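Visitor: I'd like to go through this one with you, starting with how its parts meet. Could you put it up on the screen?

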Protein chains: 2
Amino acid sequence: MTGKNSVGYKLSALGTRTFQTFNPVENSYNETIFVEAVSQEIEEAVLLASNAFEEFKGISHFKKAAFLSRIAELLTEKEDVILQRYIRESGLSYERGKIEMKRTIFQLTSFSELVKENNWRELSIDLADDSRIPLKPDLRKMLFGIGPVVVFGASNFPLAYSTIGGDSVSALAAGCPVIVKSHPLHAGTGELVANCVLQAAKETEMPNGIFSNLNAEGFEVGVALVNHPLVKAVGFTGSIKGGRALFDIANQRPEPIPVFAEMGSVNPVVLLPKSLEPKVDEWSTMYADSISASCGQFCTNPGLLFCVKSNASDEFVEQLTKKLLQKDAQTMLHPSIHSSFERLKTERLEDEAVRYFEKEGELDCNVGRQTIALVSGKHYQNNPNLEEEVFGPFSLVVECESVNEIIACLKKLNGQLTASVLGKVDEVNEHLDVVKVLQNKVGRIVFNGVPTGVEVCPSMHHGGPYPASTDARFTAVGIDSIKRFARPIAFQNCPDELLPGELKHSNPLNLVRREK
Amino acid sequence: MTGKNSVGYKLSALGTRTFQTFNPVENSYNETIFVEAVSQEIEEAVLLASNAFEEFKGISHFKKAAFLSRIAELLTEKEDVILQRYIRESGLSYERGKIEMKRTIFQLTSFSELVKENNWRELSIDLADDSRIPLKPDLRKMLFGIGPVVVFGASNFPLAYSTIGGDSVSALAAGCPVIVKSHPLHAGTGELVANCVLQAAKETEMPNGIFSNLNAEGFEVGVALVNHPLVKAVGFTGSIKGGRALFDIANQRPEPIPVFAEMGSVNPVVLLPKSLEPKVDEWSTMYADSISASCGQFCTNPGLLFCVKSNASDEFVEQLTKKLLQKDAQTMLHPSIHSSFERLKTERLEDEAVRYFEKEGELDCNVGRQTIALVSGKHYQNNPNLEEEVFGPFSLVVECESVNEIIACLKKLNGQLTASVLGKVDEVNEHLDVVKVLQNKVGRIVFNGVPTGVEVCPSMHHGGPYPASTDARFTAVGIDSIKRFARPIAFQNCPDELLPGELKHSNPLNLVRREK
């Protein structure tokens, strides 16, 4: 562990501003000193990326695929040392780390496969028609990478949504060099992972600058990267405040660039009344597990449960609370995240109309007390701040008088990553407006399940209307996330010799093409 | 002709601010008085659109397709009366009007076909795996309309990129109600076309609010529409200043929304030296036609020609100038567009290093004098303002010392809709950097042709890096333009009864689906 920046293949530490990561379980700083990147290093990383972008275009898709799968191999080899660091920089468990590593590796191999198959480029061909007046030209188009991409790692996913997580791997797969603004909470994990990426890049002869990893505790490095004219897109996972700030900077540039920020979500859950009664036990278990998973530090954590007040709902709340509070409390990612959790939770609980049940007893430092709060539908509707996300093991149950009141609450919701509807088909059919209203608010609707455990597969859509994400049209999870970082270029009457192999007349690469 | 606004199916003229359109050929106002929309009408149009959005979802794709094709039929029926008005509000010729009408109708029938086939929704299915630990859920996703869309008509395409032009028809096809901010230069044409759209909507039983047409001469109506919380996307064709202003407003909203602005482009052309000599006659004819088509008032007008100074290039410039200046000068769209052309052209020509040849003689009002200007590559490189678009029949020839100097000029270009490369394959191969550099700058590369005459077909890409458009990832022409106005929604473990027909297990609509 060096604490240095990787500017392409070069280690560099020109700056004087330093920081350390923190072990929230031991409540102490980890030993390595990280050196924040300075403007010279930023400039060099972006220039290298811009040059690498050109060179990368000329590299075969087989070699690109080999690069991605080699990263996966190296992560597998280094898994133990990475996970040891991961635990010390996040407070997350070894088991959680194993799962996240598996997910990260799966993403790498999925994209490696996608690049190798080379069928993601939306190849489209319209043949010329010389008999038409005016002549119809030959037109062929395909997707190309958009240019260098800056990725901001996520605090809560040191592996799967950070250094070589979903944003980075989809950008590389699209043909875009990546500059990671390493997350300061787990800069050491980031360095170890970056080393695997860079080693794989060298072994597979990728151009210098295809990947850089820059350290920063403050916001200046990120701002400088987003403002750099040669940067063409940004991936971000984090808070609404942080995502919106980057979005605003990117849109105020002389040349605006897209920012794909995956931000806040409370992931509303609707428990339909008739269906609830026989399911109290099952659903309360399911949701106690979901709310507490990884100490509630998931963007898909169910933070808002809507039910119709009844004996069954009382029983559900009782069981949910009991099951949730029985669990061992867990350490949160960082003291700052813990204190933010406490502050936001307290804001909710200070409202006199809100009742609550909180994990009791003495707890270690930085441990989040899981909490269930309760409020009436009427009070909820008059207090829009109750929708705000409390990042951590917290959920607010909204007790309504009727399904219609639930629908009235749903109509006021901001954009969300997910919504869940729990109910038998017949009862959902009685209240189709629940689904209709939610459909306008979310990117994914879950039936009779929990929103956590985001499956990585082509049909996943992880991205919802603002403020869940900055562009609801794109997913941050699954192979379709590559579309964020690609744009079409059309070739008109291009001589066959000059066409990319993907578009040549004889289809030498034997690809799927829309052809007319 | 009423001069009123269409707020859904209702004619409305609550305002007091009025304006008239102008006949640039006769240099006089047309008779109808148009009443600018007021906030009450804006509010009502958006609310109706938002409600229509919900209702529209429940309408079969066959009925939606019938709506679009019925518009095409009504436009055909009313073609003569529409074109009479078109000519009086644009100064464009009857022949040009016929071509544009044909294009508009073709777009309507293409999208009608697309909606009927219903294969644009990117259907994706991942089947559940109950044997996996953890259980793999069933996931299905498809595209849905994004919500009400505001369309700003283009001054230079009163039919094909205005009231029911490319933006409107692609939004409707995606399932989005459309509110048109009618272009004030051709508000009468807009009203006639809007009447066809509304009649077709009524006949095919579309919900009230699926389409509205609002008049405005000032910018306030447009700003209010873009700021309305229920509006979810914007289509715009026009100037960089106008497009950027709307883009900024949309991005500063509490909930930002996408703006697809197709703005400025000078469409650089590179004439390779060895290939030029035997082609002087052919290429000069081709480019004289392209520069003068519709008085140069096309977004794909070739405004910048790069050549290597030689006897052949001198001969090319001489012939190009002769052929261009021989043509009859044409009336521009409006006195304001004519004066803007004169002003921008004068700015270029006042530069002492710029030589030029201009159409001479006495001309009628509002007629644009076609002009060829000449400058050295060296001077061009030091004067970045020379790249700025002069909207009208103007082209700047940049005489370079070598292809390398051309490449140096190209590297400094802003984003463009198109670039054209004229040269034999062998010579292009000698200078592949020309193509490589241009590829990063444009949305479409034309070989041995002209950029004007944008073919409407699936493989067309009409949209380039900023400032050619605000999002290079989307086309404004062709069926793929539907993707601007659609977003995916994923359904997790959704009971079959509740799934949209497109995603049901048995594939009852017999659609193409990505399935795993």
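Visitor: So how many residues of chain A are in contact with chain B?

Guide: In this predicted model, 52 residues of chain A are in contact with 52 residues of chain B.

Visitor: And which elements of chain A supply at least two residues of that side?

Guide: On the side of chain A that touches chain B, at least two residues each come from strand 7 (124-126), strand 8 (139-145), strand 22 (442-447) and strand 23 (486-492), and likewise from helix 8 (240-252), helix 15 (425-430) and helix 16 (432-439) of chain A. Strand 23 of chain A gives the most, with six residues.

Visitor: How do the residues on that side divide into nonpolar, polar and charged?

Guide: The side of chain A that touches chain B has 25 nonpolar, 13 polar and 14 charged residues.

Visitor: How are the two copies related?

Guide: Chain A is superposed on chain B by a rotation of 180 degrees with 0.0 Å of shift along its axis, and the RMSD is 0.0 Å. The two copies are therefore related as by a two-fold rotation axis. Both copies use the same surface, in that 98% of the contact residues of chain A recur in chain B.

Visitor: Which residue of chain A comes closest to the rotation axis?

Guide: That is A:Asn251, whose C-alpha comes to 3.6 Å from the axis.

Visitor: Before we get into strands, what are the confidence scores?

Guide: The model scores ipTM 0.97 and pTM 0.97, while chain A averages a pLDDT of 97, with 100% of its residues scoring at least 70.

Visitor: Good. Which strand of chain B pairs with strand 22 of chain A, and in what sense?

Guide: Strand 22 of chain A pairs with strand 23 (residues 486-492) of chain B in the parallel sense, over three bridges. A:Ile445 stands opposite B:Phe491 in strand 23 of chain B.

Visitor: What is the order of strands in the open sheet that 22(A) and 23(B) belong to?

Guide: The order in that open sheet of eleven strands is 17(A)-19(A)-20(A)-15(A)-14(A)-21(A)-22(A)-23(B)-8(B)-7(B)-24(B), and the pairing is mixed. Its edge strands, each of which pairs on one side only, are strand 17 (355-358) of chain A and strand 24 (514-515) of chain B.

Visitor: Let's walk the chain A part. Which strand does strand 14 of chain A run parallel to?

Guide: Strand 14 (residues 268-271) of chain A runs parallel to strand 21 (residues 416-422) of chain A, and three bridges join them. A:Val270 stands opposite A:Val421, whereas A:Val269 has A:Ser420 as its bridge partner.

Visitor: Which helix packs on the sheet and touches strand 14?

Guide: Helix 11 (residues 311-326) of chain A packs on the sheet and touches strand 14, strand 15 (304-308), strand 17, strand 19 (371-376) and strand 20 (394-400) of chain A, and its direction makes about 160 degrees with that of strand 19 of chain A. Helix 12 (residues 335-349) of chain A also packs on the sheet, touching strand 17, strand 19 and strand 20 of chain A, and its direction makes about 30 degrees with that of strand 19 of chain A.

Visitor: Back to strand 21 of chain A: how many of its residues are buried?

Guide: Seven of the seven residues of strand 21 of chain A are buried, and the strand is mostly covered. Strand 21 of chain A also runs parallel to strand 22 of chain A, with five bridges joining the two, and here A:Val421 stands opposite A:Phe447.

Visitor: And on the chain B side, what does strand 8 of chain B pair with?

Guide: Strand 8 of chain B pairs with strand 23 of chain B in the antiparallel sense over seven bridges, and B:Leu139 stands opposite B:Gln492 there. Three bridges also join strand 8 of chain B to strand 7 (residues 124-126) of chain B, again running antiparallel, with B:Ser124 opposite B:Lys141.

Visitor: Why is strand 8 of chain B described as largely enclosed?

Guide: Seven of the seven residues of strand 8 (residues 139-145) of chain B are buried, so the strand is largely enclosed by the rest of the structure.

Conventions
Residues are numbered from 1 along each chain as its sequence is written. Chains are lettered from A and ligands numbered from 1 in the order in which they are written. This is a predicted model: local features need pLDDT of at least 70, side-chain atom pairs count only at pLDDT 80 or more; totals for chains, interfaces and linings use all residues. Two residues are in contact if their C-beta atoms, placed from the backbone, lie within 7 Å. Helices (H or I, at least four residues) and strands (E, at least two) are DSSP runs, numbered from the N terminus. Ala, Val, Leu, Ile, Met, Phe, Trp, Tyr, Cys and Pro count as nonpolar, Asp, Glu, Lys and Arg as charged, and the others, Gly among them, as polar. Two strands pair if DSSP finds at least two bridges between them. Copies are superposed by least squares on the C-alpha atoms of residues with pLDDT of at least 70 in both. pLDDT is the predictor's confidence in each residue, from 0 to 100. A residue is buried if 20 or more other C-beta atoms lie within 10 Å of its own, exposed if 12 or fewer, and partly exposed in between; C-beta atoms are placed from the backbone. Axes are lines fitted to C-alpha atoms, for helices over the stretch in contact, and angles run from 0 to 180 degrees between N-to-C directions.
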